[in-house]
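Hi,

Here is the structure I promised to pass on. Have a look at it first, and my notes follow below.

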Amino acid sequence: MSRFLPYERIEYVHTAALPDIGGRWRIWGTGDFSHWYSLDLLRPRKHTAIVLEIWGYGTPAFTPRDPDTVASIISAALTRTR
């Protein structure tokens, strides 16, 4: 499976609070069969995730160090590609 996601497939990006169960303590995979979290061994220390709503199957989510900045960068790139 490719780890490359073209901007054209992303509908929008948003931040979301990580719940304790199935969120912060899930270091990889899915807990709700809706969101897919990339591997992040430091996720238990984090509280906010970036969620990408995409065309097709699955909803990737990840937890960068500065989620607000990353979300704004992705949003700006989405605006430029449309």
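Let me start in the sheet: S2 and S4 are paired in parallel, with 3 bridges between them. One of the residue pairs there is Tyr37 with Ala61, the latter being the partner in S4. Helix H2 (residues 67-81) packs on the sheet, where it touches S1, S3 and S4, and its direction makes about 170° with that of S1. Before you read too much into any of this, keep in mind that the model is predicted.

Now the rest of the sheet. S3 and strand S4 (residues 59-62) are antiparallel to each other and share 2 bridges. Within that pairing, Ile50 has Phe62 in S4 as its bridge partner. The two strands S3 and S4 make a hairpin, with 4 residues between them. Take a look at Gly56 in that turn, since its phi is positive, at about 105°.

On its other pairing, S3 runs antiparallel to strand S1 (residues 10-17), and 7 bridges join S1 and S3. If you want a landmark there, Tyr12 stands opposite Glu53 in S3.

Put together, that gives an open sheet of 4 strands, ordered S1-S3-S4-S2, with mixed pairing. S1 and S2 are at the edges with a single partner strand each, so each of them has one side without a neighbour in the sheet. From one strand to the next, the twist averages 30°.

How many of the 7 residues of strand S3 are buried? The count is 6, so S3 (residues 48-54) is largely enclosed by the rest of the structure.

Next, the charged pairs. There are 2 salt bridges in the structure. One links the side chains of Arg24 and Asp20, at 3.0 Å from N to O. Both residues sit in helix H1, 4 residues apart, or about one turn of the helix. How do Arg24 and Asp20 compare in exposure? Arg24 has a relative accessible area of 16%, and because the cut-off for buried is under 20%, Arg24 counts as buried. Asp20, at 43%, is partly exposed, because that class runs from the buried cut-off up to the exposed one at 50%.

The other salt bridge is between Asp40 and Lys46, with 2.8 Å separating the closest N and O atoms. Here Asp40 and Lys46 are both buried.

On the surface, I would point you to a nonpolar patch made of Ile27, Trp28, Trp36, Leu39 and Leu41. Together these residues have about 570 Å² of accessible area. Trp28, one of the patch residues, belongs to the loop between helix H1 (20-24) and strand S2 (35-37).

Thr30 is also in the loop between H1 and S2. Its relative accessibility is 24%, which makes Thr30 partly exposed. Which residues does Thr30 contact, leaving aside its neighbours within four places in sequence? They are His35 and Trp36, and Trp36 also appears in the nonpolar patch. Finally, Thr30 and Thr59 are 29 residues apart in sequence, while their C-alpha atoms are 9.8 Å apart in space.

Happy to talk it through once you have had a look.

Cheers

Key. Residues numbered from 1 in each chain as written. Predicted model: local features only at pLDDT ≥ 70, side-chain atom pairs only at ≥ 80, totals over all residues. Heavy atoms only, no water. Patch = residues over 30% accessible without salt bridge, like charges linked within 9 Å, V, L, I, M, F, W, Y side chains within 5 Å. Areas by Shrake-Rupley, 256 points an atom, 1.4 Å probe, with all protein chains shown as cover. Salt bridge = Lys/Arg side-chain N within 4 Å of Asp/Glu carboxyl O. Buried < 20%, exposed > 50% of the residue type's maximum accessible area, 1.4 Å probe, protein only. Pairing = 2+ DSSP bridges. Axes fitted to C-alpha atoms, helices over the stretch in contact; angles between N-to-C directions. Contact = heavy atoms within 4.5 Å.
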